[in-house]
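User: Hello! I am new to this structure and would like to go through it with you. Could you show it to me so that we can start?

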Amino acid sequence: MHQFTEKIVNMMQQEKLYVSQGGPIILSQIENEYGNVEWAYGAAAKPYVNWAASMAASLETGVPWVMRQ
């Protein structure tokens, strides 16, 4: 997931698509329906959710990241 996300972010940055670069992208979403992960894995899902959030923030896109439950 990290490699894929980093690749997409790099592509967007190269094309200057983030609003922080003058482009149209105003936010990014790192996870969709993580509620299903929590449902399936219970308390063990929390480290994954925290990791996904930290990993996304470390990519420094200049736009907010969201995570939808």
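Analyst: Happy to help! Please keep in mind that this is a predicted model. A good starting point is the record: an unreviewed UniProt entry annotates residues 1-67 as "domain: Glycoside hydrolase 35 catalytic".

User: How far apart are the end C-alpha atoms of residues 1-67?

Analyst: This span is 52% helix and 12% strand. Its end C-alpha atoms are separated by 15 Å.

User: Which helix gives the largest share of the largest nonpolar core?

Analyst: That core has 8 residues: Val 9, Tyr 18, Ile 30, Ala 52, Met 55, Ala 56, Leu 59 and Val 63. The largest share, 3 residues, comes from residues 45-58, which form helix H3.

User: What does Val 9 touch, leaving aside its neighbours within four places in sequence?

Analyst: Val 9 belongs to the largest nonpolar core, as do Tyr 18 and Leu 59. With the neighbours within four places left aside, the contacts of Val 9 are Tyr 18, Leu 59, Thr 61 and Trp 65.

User: Is Ser 28 buried or exposed?

Analyst: Ser 28 sits in strand E1. Not counting residues up to four places away in sequence, Ser 28 touches Tyr 18, Val 63, Pro 64, Trp 65 and Val 66. The relative accessible area of Ser 28 is 10%, and buried means under 20%, so Ser 28 is buried.

User: And Leu 27, is that residue buried, partly exposed or exposed?

Analyst: Leu 27 lies in the loop between helix H1 (2-14) and strand E1 (28-32). Its relative accessible area is 41%. Partly exposed covers values between the 20% and 50% limits, so Leu 27 is partly exposed.

User: Which residues make the nonpolar surface patch of about 320 Å²?

Analyst: Leu 27, the partly exposed loop residue we just met, is one of them. The full set is Val 19, Ile 26, Leu 27 and Val 66.

User: What is notable about the phi of Lys 16?

Analyst: Most residues other than glycine have a negative phi. Lys 16 lies in the loop between H1 and E1 and is exposed, with a relative accessible area of 52%. Its phi is a positive value in a residue other than glycine, near 55 degrees.

User: Where does Glu 60 lie, and what is its phi near?

Analyst: Glu 60 is found in the loop between H3 and strand E2 (65-68). The residue is exposed, because its relative accessible area is 65% and exposed means over 50%. Glu 60 also has a positive phi, near 45 degrees.

How values were computed: Residues numbered from 1 in each chain as written. Predicted model: local features only at pLDDT ≥ 70, side-chain atom pairs only at ≥ 80, totals over all residues. Heavy atoms only, no water. Patch = residues over 30% accessible without salt bridge, like charges linked within 9 Å, V, L, I, M, F, W, Y side chains within 5 Å. Areas by Shrake-Rupley, 256 points an atom, 1.4 Å probe, with all protein chains shown as cover. Salt bridge = Lys/Arg side-chain N within 4 Å of Asp/Glu carboxyl O. Helix = DSSP H or I, 4+ residues; strand = E, 2+ residues; numbered from the N terminus. Buried < 20%, exposed > 50% of the residue type's maximum accessible area, 1.4 Å probe, protein only. Core = buried A, V, L, I, M, F, W, Y, C linked by side-chain atoms within 4.5 Å. Contact = heavy atoms within 4.5 Å. UniProt positions renumbered as here; feature names shortened; annotations may be inferred.
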